[in-house]
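These are my notebook entries on a sheet, a helix pair and a pocket. I set down what I looked up, in the order in which I took it.

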Amino acid sequence: GSRIVVLGAGLCALPAIELLSRRSADVVTVISAVEGEASRACAALGRPNLQPLTVDARPTNASGWGALCGLLGQADACLSLLPATMHAPVAEACIEGGTPLVTASYVSEELLALHERAVAAGVPLLGEMGLDPGLDHMSAAELIRRVREEGGAVTAFSSLCGGLPAPECASSTPLAYKFSWSPAGVISATRNPAQFTVDGAVVRVAGEELLRSATPLADSSRLGRTLRLEVLPNRDSLPYAELYGIEAEAHSVFRGTLRYAGWSGLFAEFADLGLTEPAPLPAGVRTWPELLASRGVTPTAAPAASARVIDALASLGVWDGSAPEISTDATVADAFSALLAGRLSYAPGERDAVFMEHTLHVAFPDGRPSEVRSSSLVSYGTPDGVSSMSRSVGITAALGVQRLLEQGSASSGPDAEPLAGVLRPTLPTIYEYCLPRLAEEGFAFEEGIEREASAPSTAATPMPAGRGTPGFRAASAAA
């Protein structure tokens, strides 16, 4: 059997260790710095091949770090579900120990800097093996490959993803949104700048303009026909043309985040009130009425806020005494995150949803009619059970581990090219292994093809209109 080390025992870890421990011959060691967290995760599954450990494995803790490096040196693979900032030192330890590593986080510059060392050591460092990034990469790359095999060219590409409450429980909150973990990441992401291409022009969105750049998901989209969703640009889309191998043919490339309609406008008003800023609290402020009053907002007088945002704040309990007292060392954004976490967590019996959709405009040089190809994923969590977000991240990451464990095995074939260095799951050898198994776990895509009599148009693609859309600034770009 294989010896697998899993770092982190949070929400995404349980689906991962469940999958990795299905073979009784494999031993999975689950490590957490939080006392009792790894034990609870292992006890929830009750399998004898799960071993919990509590270790503070930060490099600054000499004894804990030494213990971890010793474990990694004896392991056949490591899955790191730690914060992204901790992946680089773990990767260095894996290179030293000759241990394949999988993470669900974006590949950082620090990780990329280890590529040559990892290649020389013959160690694969597979990043971006979660939902987004991860499952989106694999499904998009597989779609694009099929287009190429059929003699087509992708002239426009859009990829959208969102983790949301299921529709039946979204209406219970004015934000149409709920949190299964800390809202701090969502709040921070509302200030991310973004850029993408539309008709060959680079469109840039400043961080302070992001929320007001949201556009309705077109009803030409498969998801848009049944759900009222809106789309926000998701960071920097430009590198994905090269990553997917469509940089020479795609004049429009867009990656977006899905929210229910109205979310962005409401959050933009929260931002206008300064609630999303990591700024110090005003002197003497300890309660929500005091904080809002410092911004000129009361239940009856709010010149800087709409009636909608006043109603939303009231539903969060800011004026009825139910909101938590604000910590003296908190920033304004910290206080807002704590408020949202306390009032917008999932109630018993509620479930989350994951929505993903790719749209490709395809042209054929031989004169065949152009096409719009779509691929959609809709997945729901289990009420009072594991969320779809946790499953999509954890299972994808675990399958990445299983793929790396196959390296050198009889099933990988005698001519299989060894994997080494910093990798993403756009490689056929990764997604060909993972996608069928993800479908077996409930993450299957529904595909559609619509033919066009004329040349493809970005107007039918579920992406913002670009230069004519308020909040967007187009930069000059090569045709």
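Entry 1, strand pairing. I looked up the partner of Leu101 and found that Leu101 stands opposite Leu125 in β6. I then took the two strands as a whole: β5 (residues 101-103) and β6 (residues 124-126) run parallel, and two bridges join them. I note here that the model is a predicted one.

Entry 2, the sheet. I asked myself in what order the strands of the open sheet lie. I read the order as β3-β2-β1-β4-β5-β6-β15, seven strands with parallel pairing. At the edges I found β3 (50-54) and β15 (421-423), each of which pairs on one side only. For the twist I noted an average of 20 degrees from one strand to the next.

Entry 3, helices on the sheet. I looked up helix α3 (residues 62-74) and saw that α3 lies across β1 (3-7), β2 (27-32), β3 and β4 (77-80). I recorded about 145 degrees for the direction of α3 relative to β1. I next took helix α4 (residues 87-97), which packs on the sheet and touches β1, β4, β5 and β6. The direction of α4 makes about 165 degrees with that of β5.

Entry 4, a helix pair. I asked at what angle the axes of α7 and α16 cross. For helix α7 (residues 135-149) and helix α16 (residues 428-440) I noted a crossing at roughly 110 degrees, with the axes coming within 10 Å. I therefore entered α7 as roughly perpendicular to α16, because angles of 65 to 115 degrees count as such. On the α7 side of the contact I listed Leu135, Met138, Ser139, Ala141, Glu142 and Arg145. These meet Pro428, Ile430, Tyr431, Glu432, Cys434, Leu435 and Leu438 in α16. By class, I divided the residues of this contact into nine nonpolar, one polar and three charged.

Entry 5, a pocket. I looked up the second largest pocket and recorded about 370 Å³ of space in it. I asked which of its 15 lining residues are the closest to its centre. I found Tyr106, Glu128, Pro239, Tyr240 and Arg424. For the lining of this pocket, I saw that α5 (109-112) and α10 (238-243) each supply at least two residues. The largest share, four residues, comes from α10. By class, I entered six nonpolar, two polar and seven charged residues for the lining of the second largest pocket.

Notes
Residues are numbered from 1 along each chain as its sequence is written. This is a predicted model: local features need pLDDT of at least 70, side-chain atom pairs count only at pLDDT 80 or more; totals for chains, interfaces and linings use all residues. Side-chain values use heavy atoms; hydrogens and water are left out. Axes are lines fitted to C-alpha atoms, for helices over the stretch in contact, and angles run from 0 to 180 degrees between N-to-C directions. Angles under 35 degrees count as roughly parallel, over 145 as roughly antiparallel, 65 to 115 as roughly perpendicular and the rest as oblique. Contact means heavy atoms within 4.5 Å. Ala, Val, Leu, Ile, Met, Phe, Trp, Tyr, Cys and Pro count as nonpolar, Asp, Glu, Lys and Arg as charged, and the others, Gly among them, as polar. On a 1 Å grid over the protein atoms alone, a cavity is a set of points where a 1.4 Å probe fits but cannot get out, and a pocket is an open set with protein on both sides within 12 Å along at least five of seven lines; lining residues have an atom within 4 Å of a point. Grid points are joined across faces, edges and corners, and a volume is the space filled by probe spheres set on the points. Two strands pair if DSSP finds at least two bridges between them.
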